[in-house]
Amino acid sequence: MVSDKFRHQLRHETKLWQAEGLINAELYEQISERYQFDSLETSARNRFIAIVIGVGGILLGLAVITFVAANWQAWSREVRVALLLSLFIGVNAAGFYLWRTPPTSGAQRKRGGGKQRLGEALLLLGAIILGANMALMAQMFHIGGSPYGLYLAWGLGVLAMAYSLRLTSLGVLAILLIGWGYWLNVFDWSAKEFSWLLLLVEHMPVVACLLFVPLAYWCRSRAIFALTAILVIFSLEMSLAQGSSGAPALMAALMCAMPPALLWGYDDTLWPNIHSKLFQPIARNLALFCLAILFYVLAFQWPWQSSSATPIHTQTLLGWSSLLDVALLGGLIVWQWLRLGRQGRKHPSRRGVDLTTNVIACFIAISALIPLFHLSFTPISVLAIFLFNVLLFLLAGGLLREGLALGNRATFWAGITLLALQIVSRLLEYETGLLFKAFVFFLCGIGVIAAGLLFERYSSALTPSQENS
């Protein structure tokens, strides 16, 4: 939908065109009807009313909070509970009433859209009030618990609201709350007061997939999917880190290989009744981001200094319930990549896609085999550092090539950034003279400027069909 600023400018220009005789009155009316010039004043008035209501609502909310804080200790427990429940129900009921305004056409859509936005804001406020109610109820009834338990329970409540209302904002809030609760639990593994919450945290990689991926498709929200993927990868790494004490070599290999393999192999058609590639580009971009971070970190010397060869004891893996998620996601990864192989055989003409997937598979395999060999057989610190620098260089070069071939600025500048980071990091990590560092920085600056100018010159020469390919 075009912005109101553009419509204001277009109305001004079309009036000038009509005055100059470039367009007639009939064409002006057609443009006016298409871009709804008559509703511009109504839209501005609705925005002003929404701002006034918002500011007034904030002040009223502060007044209510201050009044409640002044009389909180004087009220009985029953009055407090009734007040909290009334506030929660009232805000959500008002939000739902405004939000469920059916969309119409023309000027009425503008008026209804303002009500819907205000209703969604009230529903989001109701979700925040839910957490405050839970905390205050626990305090009044002397229910003990850790902070992570509150955030997890709060997030589950907001998640139920998101599913029932199909709202992206509530889904994002639920992911942030559950992710923050999981983060707090990472530093408090000894907590035992909520067994079902501990079970939820322990199996977070699979639980996050089951809870949030269907919601992403239900809301068709890329933000929900991206945050879910980040939560799944982070919790998967934490589950693997728990097993690193018993089998460091195997766990290190899996920590390097599983996140990018899971993300790159993801396909929307894995789900029933899904036939579009809605979230696959996001998953593959995150896979490249994981590989970039992995190669960049392991290209330094410090990750390899304190490590030593340790044999793998597979019997120590038994009995770790958290590794059940690793096994399930590992099976999913195998299935994904088998489907990729079958799709490549069915469509042999897609050599570019198959070549990219094969290169990513080689990157993942090499990044897993290097720490596995280093920790299982004999230390190869120098060779490992060299190989990961080579992998980082190849990844940056691949991004540069794809960016130039497709005319994609984001991909091209991602490659430039990786290459510059590698050069600067190696320059600062190793002992070199200041003159040499100044010379390298100078060359990097000249190279970045030249690469940007060449890219713009090359991309401007591309035809529209080449840019969209």
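A nonpolar surface patch, as the term is used here, is made of residues with over 30% relative accessible area and no salt bridge, whose nonpolar side chains are joined within 5 Å. In this predicted model, one such patch, of about 610 Å², is made by Ile51, Val55, Ile58, Leu59, Leu62 and Ile65. Among these residues, Leu59 is placed in helix 3, which runs over residues 40–71. Leu59 counts as exposed because its relative accessibility is 54%, and exposed means over 50%.

The chain as a whole gives the setting for this patch. The chain has 18 helices and 0 strands. Of its 469 residues, 37% are buried. The accessible surface amounts to about 26400 Å², and carbon and sulfur atoms account for 69% of that area. Among contacts with a separation of 6 or more, 72% are between residues 24 or more positions apart.

The interior can be approached through the largest nonpolar core, which has 82 residues. Val158 and Phe295 are the residues with the most contacts inside this core. Once neighbours within four places in sequence are set aside, Phe295 is in contact with Phe363, Ser367, Phe388, Leu391, Leu392 and Leu395. Several of these partners lead to helix 15, where Phe388, Leu391, Leu392 and Leu395 are among the buried residues.

Helix 15 covers residues 381–406. Its 26 residues, at 1.5 Å a residue, should span 38 Å, and the end C-alpha atoms are 37 Å apart, so the two values agree. In addition to the partners of Phe295, the buried residues of helix 15 include Ala384, Ile385, Asn389, Ala396, Leu399, Leu400 and Gly403. After the helix comes Gly407, with a positive phi near 70°.

A further approach between parts of the chain involves Ala257, a residue of helix 11. Ala257 counts as buried because its relative accessibility is 14%, and buried means under 20%. Although Ala257 and Ile364 are 107 residues apart in sequence, their C-alpha atoms are 5.3 Å apart in space. With neighbours within four places in sequence left aside, Ala257 is in contact with Ile364 and Ala368.

Charged side chains add another set of links, and the structure holds 4 salt bridges. One of them joins the side chains of Asp267 and Lys277, at 2.7 Å from N to O. Both residues lie in the loop between helix 11 (248–264) and helix 12 (280–298), 10 residues apart. The two ends of this pair can be set side by side: Asp267 counts as buried because its relative accessibility is 1%, whereas Lys277 is partly exposed, with a relative accessible area of 41%.

Asp267 also meets Arg339 in a salt bridge, here at 3.6 Å from N to O. Because Asp267 lies in the loop between helix 11 and helix 12 and Arg339 lies in helix 13 (residues 323–346), this pair ties together parts that are 72 residues apart in sequence. Arg339 is buried, with a relative accessible area of 17%. Asp267, Lys277 and Arg339 are thus linked in a network of salt bridges.

Another salt bridge pairs Glu402 with Arg401, whose closest N and O atoms are 3.1 Å apart. Glu402 is partly exposed, at a relative accessible area of 28%, while Arg401 is exposed, at 52%.

The backbone offers a last point of attention. Most residues other than glycine have a negative phi. Arg166, which is not a glycine, has a positive phi of about 60°. Arg166 is found in the loop between helix 6 (147–165) and helix 7 (168–186), and this residue is partly exposed, with a relative accessible area of 45%. Arg220 likewise has a positive phi, near 55°, in a residue other than glycine. The place of Arg220 is in the loop between helix 9 (204–219) and helix 10 (222–242), and Arg220 is exposed, with a relative accessible area of 53%.

Technical notes: Residues numbered from 1 in each chain as written. Predicted model: local features only at pLDDT ≥ 70, side-chain atom pairs only at ≥ 80, totals over all residues. Heavy atoms only, no water. Patch = residues over 30% accessible without salt bridge, like charges linked within 9 Å, V, L, I, M, F, W, Y side chains within 5 Å. Areas by Shrake-Rupley, 256 points an atom, 1.4 Å probe, with all protein chains shown as cover. Helix = DSSP H or I, 4+ residues; strand = E, 2+ residues; numbered from the N terminus. Buried < 20%, exposed > 50% of the residue type's maximum accessible area, 1.4 Å probe, protein only. Expected span 1.5 Å × (residues − 1). Core = buried A, V, L, I, M, F, W, Y, C linked by side-chain atoms within 4.5 Å. Contact = heavy atoms within 4.5 Å.
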